[in-house]
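Subject: Structure for you to look at, with notes

Dear colleague,

I am handing over the structure we spoke of, and below it you will find my notes on what turned up when I went through it. Please read them with the structure open beside you.

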Amino acid sequence: FKMLGGIGLSIYIGRFLGVKELGLFEYSLVFLQIVVFFIASGLNNSLIKAVAIRNAKNDLSGINSDLLSGLVIVLLFGTPISLVGIIWSSEISEYLFDNDQFTVPFFWASVSIIPQAMIMVFGGVLNGMGKIAFSQFLQEPLKIFLGVGLLLLFWVFFGSPSLNHVVILYG
């Protein structure tokens, strides 16, 4: 389901953006995934284990503490990286790609770092509580459904979206 939804969303977005802008969009998503991976590397698995142990003991205050700790860790590591991307997106785009076409996707991918990492934290806590279906829904299909829904609404009210609109809505 996740793979079909992702392919469908990519085809849908690709029809609006065209080859060049779709490539920039996908590249910004890869950047986002790599950064979120490094921010939350191991955190998700640690949360699953800690929350599962606390859930077996019916320790809800401990689960809340684990959730808060995970969110604090994400904020501590993600905020500086996100701010660098937000503040210097134009300069980074010029330095890495010798043009400014990647500035807007890079900016919005940087804005999306914290929310994406927080989704990973909530997913880990839900997994640890044994609510795996909710965790999987939170982490992937919900993003796909919201992305397609927001793009459809945008298309109905404002016409064909540009790369800037797609990146903003997806972020």
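A residue is called buried here when its relative accessible area is under 20%, exposed when that value is over 50%, and partly exposed in between. By that standard, 35% of the 171 residues of the protein chain count as buried. Please keep in mind throughout that this is a predicted model.

The overall picture comes first. The protein chain is made of 10 helices and has zero strands, so that, by the DSSP runs used to assign helices and strands, the elements read from the N terminus as α-α-α-α-α-α-α-α-α-α. Among the contacts between residues at least 6 apart in sequence, 68% join residues that are at least 24 apart. The chain exposes about 9900 Å², and carbon and sulfur atoms supply 70% of that area.

Helix α4 is the element on which I have most to report. It covers residues 60-87, and its 28 residues should span 40 Å at 1.5 Å a residue, which agrees with the 39 Å between its end C-alpha atoms. The helix nevertheless bends by about 35° at Gly 78, and a proline, Pro 80, follows within four residues of that point. The buried residues of α4 are Gly 62, Ile 63, Asp 66, Leu 67, Gly 70, Leu 71, Val 74, Gly 78, Ser 82 and Gly 85. In reading that list it may help to recall that an α-helix has 3.6 residues a turn, so residues three or four places apart point the same way. What covers these buried residues includes α2 (19-39), α3 (43-56), α5 (89-97), α6 (103-111) and α7 (113-128).

There is also a nonpolar patch on the surface, formed by Leu 68, Val 72, Ile 73, Leu 76 and Phe 77, which together have about 480 Å² of accessible area. Of these residues, Ile 73 has its place in helix α4, and it counts as partly exposed because its relative accessibility is 31%, a value that lies between the limits of 20% and 50%.

The charged side chains deserve a careful look as well. Side chains of opposite charge can pair when their charged atoms come close. The structure holds two salt bridges, and Arg 54, Asp 59 and Asp 66 are linked by them in a network. In one, the side chains of Arg 54 and Asp 59 meet at 3.2 Å, N to O; in the other, Asp 66 meets Arg 54 at 2.8 Å, N to O. This latter pair links distant parts of the chain, with Asp 66 in helix α4 and Arg 54 in helix α3, 12 residues apart. As for their surroundings, Asp 66 is buried, with a relative accessible area of 11%, whereas Arg 54 is partly exposed at 29% and Asp 59 is partly exposed at 25%.

In the loop between α3 and α4 you will find Asn 58, whose phi is near 60°, a positive value in a residue other than glycine. Asn 58 counts as exposed, since its relative accessibility is 62%.

Further along the chain, Ser 89 lies in helix α5 and is buried, with a relative accessible area of 6%. Leaving aside its neighbours within four places in sequence, Ser 89 is in contact with Val 84, Thr 103, Phe 106 and Phe 107.

Lastly, helix α7 has 16 residues and reaches 23 Å from its first C-alpha to its last, which is close to the 22 Å expected at 1.5 Å a residue. The buried residues of α7 are Ile 113, Ile 114, Gln 116, Ala 117, Val 121, Gly 123, Gly 124, Val 125, Asn 127 and Gly 128. Among them, Asn 127 has a relative accessible area of 18% and is therefore classed as buried; once its neighbours within four places in sequence are left aside, Asn 127 is in contact with Ile 48, Ile 132, Ser 135 and Gln 136. The helix is followed by Gly 130, whose phi is positive, near 85°.

With best wishes

Definitions and conventions:
Residues numbered from 1 in each chain as written. Predicted model: local features only at pLDDT ≥ 70, side-chain atom pairs only at ≥ 80, totals over all residues. Heavy atoms only, no water. Helix = DSSP H or I, 4+ residues; strand = E, 2+ residues; numbered from the N terminus. Expected span 1.5 Å × (residues − 1). Bend = angle between axes of the 7 residues up to and from the residue. Buried < 20%, exposed > 50% of the residue type's maximum accessible area, 1.4 Å probe, protein only. Contact = heavy atoms within 4.5 Å. Patch = residues over 30% accessible without salt bridge, like charges linked within 9 Å, V, L, I, M, F, W, Y side chains within 5 Å. Areas by Shrake-Rupley, 256 points an atom, 1.4 Å probe, with all protein chains shown as cover. Salt bridge = Lys/Arg side-chain N within 4 Å of Asp/Glu carboxyl O.
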